[in-house]
Amino acid sequence: MKFKTRLYVTFTTIVMLPLALTALAFCAIGLYLMNVQKGLPVAGIDYTDAAQNMREVINTTDKAYYVLRDQAAKDPSMLANLEYLTNVNTDIAKKSTYIIVRKGEELYYAGNKDAAEAIFSKLPDYGEADLSVDTGLYYDEFDKFVKQVDFLFPDGSQGSAFVVTKTNSLISKHLLVDMFVAILVILVFTSLMLTRWIHTSVFCPIKDLNVAMRRIKEGNFEYALQTDAKGEIGDLYRDYEDMRLRLKESTEEKLEHEKKNRELISNISHDLKTPITAIKGYVEGIMDGVADTPEKMDKYIKTIYNKANDMDRLINELTVYSGIDSNRIPYNFHRINVADYFGDCVEEVGMDLEQKGIELNYCNLVQPDTVVIADPEQMKKVINNIISNSVKYMDKPKGMIDIRILDEVDSIQVEIEDNGKGIAQKDLAKIFERFYRTDASRNSAQGGSGIGLSIVKKIVEEHGGYIWATSKEGEGTCMHFVLRKYIELQNEV
């Protein structure tokens, strides 16, 4: 339940529940007092001993009775005047008192017609009232007190005016005291009930959240909070669960990242140590005069040069990886003609592959004017890293690499396929992960940092494309990546 709804419920409960309970208490107390009053003799009543409520009934009736009695004594013809009777009845109607006038045996006037019809047949006849005592009659079955004034109509007909008061409609002092106590109890009950409800539905969940947040502060991400509650409290619980799971995931990723960083340092140390050891060995050979012929000297120097290049490559990979990890790779996007760009790349890498005895085949199936938006330098890094990987794991006497550019309507697909030793299916899904190497032995011939393909994946995705691999062990591997075409919108004339 939302806090706004809770406020509505609280407000409605504060207003409506006391009102409902007060009305119920009023009815119960009123009925009790009326039961006490029932059966009291009215004629000759002792006002000092009667219930206070009955006194108020009699006093209210007397006010109207004396008006009618005085008018009957002064000018009885006014009691036949309907306008006059209406005015008198209006003055007393708010006090649950009304007038009935009878002419002969017929109802002449009734201030409350429905109520008058019920009691009319029970009213005393003309002349039955003891005007010297001015007593009234109490009708137990109707809960009504009646006083009678007899007079003669202008035409000589006998008439009687009756003042009728409903006894259970007036509030006595006893009723006020009882109602005050009842309302006080009702308000206390309502407050306790609402306090309990708010404590259970608001403060208890907040207390649980405080406990959970302290657990998070202590680094415990296993303390779960589950709830089916709706509204803000339910949202808080669910937001806490989302935060907990994300923090747990982030912490686990951080630990995994630290683990991989340690692996990277170990891998790079291993891969740097191998060429450094080789360089030191060959330099010592030269210093000790082992390279005593021009051929040996040339071989030693070339080996030292190649090992230095290996070290330079590892350092460059580390630099690129650092940029990827912190999203600081600089991109300079341009519109690039696919045919021209990939043609130049093939020509550049072809010479290196030719020196290594690897055959390079190139096939371009896109239109000559096809253009993509790309960073030429970073895209060249993608191609070089993929081809370098293919060369590294080439195990056939006659190596072969095929580069194909395919048209995919609104994009181009680049395929770089080799006939190397291939990748196992269990490793295929992991080769784009940072630091992952299928060659766990890290031998000097094939060892690497394990971040080359993760760099490739990052660059392709930053270009808005995607990359995947297919492979068969013993037959070779094919790398596929897709780049969107650049389509220039033409304004319609």
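Hi everyone. Let me start with one term: two residues are in contact when heavy atoms of theirs lie within 4.5 Å. What we have here is a predicted model, so let's keep that in mind as we look around.

With that term in hand, take Ile-416. Leaving aside neighbours within four places in sequence, Ile-416 is in contact with ten residues you can find on screen: Ile-383, Ile-386, Ile-387, Ile-401, Asp-402, Ile-403, Thr-477, Cys-478, Met-479 and Phe-481. Ile-416 also belongs to the largest nonpolar core, which has 39 residues, and together with Ile-412 and Phe-481 it has the most contacts inside that core. Several elements supply at least two residues each, among them helix H9, strand S10 and strand S12. Which element gives the largest share? That is H8, with seven residues. There is also a second, separate core of 18 residues, including Phe-151 and Val-163.

Now for a residue I like, Asp-375, in the loop between S8 and H9. Asp-375 is buried yet has no salt bridge, and the nearest side chain of opposite charge, Lys-381, is 8.4 Å away. So what does lie by its side chain? A polar atom there is 3.0 Å from the backbone nitrogen of Glu-377. Asp-375 also touches residues farther off in sequence, including Tyr-331, Phe-333 and His-463.Other charged residues do pair up, and the structure holds 15 salt bridges. In one of them, Lys-103 meets Asp-155, with the closest N and O atoms 3.1 Å apart. Lys-103 lies in strand S1 and Asp-155 in the loop between strands S4 and S5, so this pair ties together parts that are 52 residues apart in sequence. Another salt bridge joins Lys-485 and Asp-407, at 2.7 Å from N to O. Here Lys-485 sits in the segment after S12 and Asp-407 in strand S9, so the parts tied together are 78 residues apart in sequence. Is Lys-485 buried or exposed? Lys-485 is buried, with a relative accessible area of 19%, while Asp-407 counts as partly exposed at 32%. Arg-404, Glu-415 and Glu-417 go a step beyond a pair, being linked in a network of salt bridges.

Finally, a word on confidence. The chain averages a pLDDT of 80. Among its elements, S10 has the highest mean, 95, and helix H1 the lowest, 65. Over residues 38-52, pLDDT stays under 50, and residues 441-445 also stay under 50. Where pLDDT is low, the predicted coordinates should not be read in detail. Thanks for listening!

Notes: Residues numbered from 1 in each chain as written. Predicted model: local features only at pLDDT ≥ 70, side-chain atom pairs only at ≥ 80, totals over all residues. Heavy atoms only, no water. Core = buried A, V, L, I, M, F, W, Y, C linked by side-chain atoms within 4.5 Å. Buried < 20%, exposed > 50% of the residue type's maximum accessible area, 1.4 Å probe, protein only. Helix = DSSP H or I, 4+ residues; strand = E, 2+ residues; numbered from the N terminus. Lys, Arg positive; Asp, Glu negative; His and termini not counted. Salt bridge = Lys/Arg side-chain N within 4 Å of Asp/Glu carboxyl O. Polar contact = N/O pair within 3.5 Å; in protein donor to acceptor, adjacent residues only side chain to side chain. pLDDT = per-residue confidence, 0-100.
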